[in-house]
Amino acid sequence: METAIELRNVSYVYGDGTVFRTDALDCVSVKIEKGKMTGIIGHTGSGKSTMVQMMNGLIKPTSGSVYLFGEDIFADKKKLRDVRFRVGLVFQYPEYQLFEESVYKDIAFGPANMKLDTNEIDRRVRKAAMLVGLEEELFSKSPFELSGGQKRRVAIAGVMAMEPEVLVLDEPASGLDPVGRNEIFKAICSFRDVTKGTVVIVSHSMEDMAKYADNIIVMNHGECFASGSKDEVFQRAGELCTMGLDVPQITSLITRLKSMGMELPDNIYTVEAAVKALSPLVCGRRGGEC
Ligand SMILES: Nc1ncnc2c1ncn2[C@@H]1O[C@H](COP(=O)(O)OP(=O)(O)O)[C@@H](O)[C@H]1O
Ligand SMILES: [Mg+2]
């Protein structure tokens with residue numbers, strides 16, 4: 001595997017020397033695999049947002065190092081600006097940061113900051129809008145006339161238009177209804193499929209990560225509790241439940257059926273996979289007709 005980003009022995013303390021001192025991350029070492037979608041899950045306060053803000057150099061570890069394709073991002077201050085472009089970070093509720101008078105200008109803001117020429121900016125804006133499924137008719141509208149889900153997609157397109165090698169999104173679907181959530185994930189998957197880029201998604205939804213992520217990192221109280229492929233991590237479903245993280249509902253159901261004696265594979269995290277595994281059994285009981 002090729003590593004896009006590595007955090008090595010990273011710790012982070014907020015408010016050191018004050019009564020508000022918080023150890024947000026405690027000696028975390030994780031690797032983000034190039035070209036894959038990695039989900040970071042964990043309870044509120046487990047350090048997820050702190051962790052992703054380090055990935056593009058926005059905050060510097062109190063101790064430990066962050067590597068982007070093998071290079072220490074804090075080794076040379078002059079290169080940090082470049083790192084911010086190479087690792088695109090979409091904050092939680094990014095639509096709060098929209099401020100331009102039109103959708104087009106908002107998407108163009110990032111690439112314009114990169115001092116690209118107008119043609120290149122235009123190409124990137126159109127491509128990013130296409131990736132997130134925004135029609136060109138919307139370009140001249142004010143972002144404030146759009147629905148919540150559309151606004152969020154404008155904000156995400158703004159980061160995609162910088163054409164980062166790694167796209168990092170902090171809880172990109174939070175607060176949206178199921179339709180809005182699906183559109184966001186469709187947009188993220190298009191980015192991954194078209195650019196073959198690396199994606200990191202912070203999420204508290206196991207269901208979503210079961211569906212979309214290749215690899216999973218589980219954070220707990222500022223420490224990395226587990227990290228690996230989806231199969232490896234969800235095989236520890238019991239431990240995740242003990243931590244109070246809900247494994248996908250379908251995985252709980254399958255675990256229950258197995259405890260009742262049904263022979264089923266371990267790696268079932270989506271309803272589609274469950275249907276596939278269960279239909280032969282169900283059909284068998286009906287006497288073979290299906
Ligand atoms: N700006 C901040 N100042 C002080 N403490 C903070 C700040 N941001 C986060 N924290 C604390 O750091 C810990 C980790 O927070 P965070 O990285 O936001 O976790 P998560 O994204 O998993 O909810 C929490 O205890 C949180 O209260
Ligand atoms: Mg957070």
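Student: Which helix gives the largest share of the lining of the second largest pocket in this predicted model?

Tutor: The model is a predicted one, and its second largest pocket is lined by 13 residues. Two elements give two or more residues to that lining, namely helix H9 (237–242) and helix H10 (249–259). With five residues, the largest share comes from H10.

Student: From which domains does the lining of the second largest pocket draw at least three residues each?

Tutor: Phe 234, Ala 237, Thr 251, Thr 255 and Asp 266 are the lining residues that lie nearest the centre of this pocket. By class, the lining comprises six nonpolar, five polar and two charged residues. The domains that each provide at least three residues are domain 1 (34–57 + 77–246) and domain 2 (248–290).

Student: How much space lies in the largest pocket, and how much in the second largest?

Tutor: The volume of the second largest pocket is about 200 Å³. For the largest pocket, the corresponding value is about 560 Å³.

Student: Which residues lie nearest the centre of the largest pocket?

Tutor: The lining of the largest pocket holds 22 residues. Helix H2 (80–86), strand E6 (87–90), helix H3 (103–113) and helix H5 (148–160) are the elements that give two or more residues to this lining. Nearest the centre are Leu 89, Gln 97, Phe 109, Val 159 and Met 162.

Student: How many residues in the lining of the largest pocket are nonpolar?

Tutor: The lining can be divided by residue class. Three of its residues are charged and five are polar. The nonpolar residues number 14.

Student: Which element gives the most residues to the shell around ligand 1?

Tutor: The shell runs through several consecutive positions, including Gly 47, Lys 48, Ser 49 and Thr 50, and also has Tyr 14, Thr 22 and Ala 24 among its members. Strand E2 (22–33) and helix H1 (48–55) each supply at least two residues. With three residues, the element that gives the most is H1.

Student: What is the distance between the side chain of Thr 50 and an oxygen atom of ligand 1?

Tutor: Several polar contacts reach oxygen atoms of the ligand. A polar backbone atom of Gly 47 is 3.1 Å from one oxygen atom of ligand 1, while a polar side-chain atom of Ser 49 lies 2.8 Å from an oxygen atom of the ligand. For an N or O atom in the side chain of Thr 50, the distance to an oxygen atom of ligand 1 is 2.5 Å.

Student: What percentage of the accessible area of ligand 1 does the protein cover?

Tutor: The shell around ligand 1 has eight polar residues, two nonpolar residues and one charged residue. On its own, ligand 1 has 550 Å² of accessible area. The part of this area that the protein covers is 59%.

Student: How much space lies in the largest cavity?

Tutor: A search of the whole structure at a threshold of 30 Å³ or more finds one cavity. The residues that line the largest cavity include Arg 124, Leu 131, Met 160, Glu 163 and Phe 191. Its volume is about 50 Å³.

Student: Which helix gives the largest share of the lining of the largest cavity?

Tutor: By class, this lining has five nonpolar, one polar and three charged residues. Helix H4 (118–131) and helix H6 (178–195) are the elements that give two or more residues to the lining of the largest cavity. The largest share, four residues, comes from H4.

How values were computed: Residues are numbered from 1 along each chain as its sequence is written. Chains are lettered from A and ligands numbered from 1 in the order in which they are written. This is a predicted model: local features need pLDDT of at least 70, side-chain atom pairs count only at pLDDT 80 or more; totals for chains, interfaces and linings use all residues. Side-chain values use heavy atoms; hydrogens and water are left out. On a 1 Å grid over the protein atoms alone, a cavity is a set of points where a 1.4 Å probe fits but cannot get out, and a pocket is an open set with protein on both sides within 12 Å along at least five of seven lines; lining residues have an atom within 4 Å of a point. Grid points are joined across faces, edges and corners, and a volume is the space filled by probe spheres set on the points. Ala, Val, Leu, Ile, Met, Phe, Trp, Tyr, Cys and Pro count as nonpolar, Asp, Glu, Lys and Arg as charged, and the others, Gly among them, as polar. Domain bounds come from an automatic or database domain assignment. A residue is near a molecule or strand if one of its heavy atoms lies within 4 Å of it. A polar contact is a pair of N or O atoms within 3.5 Å; within protein, one must be able to donate a hydrogen and the other to accept it, and residues adjacent in sequence count only if both atoms are side-chain atoms. Accessible areas come from the Shrake-Rupley method with a 1.4 Å probe; for residues, only the protein chains shown count as cover.
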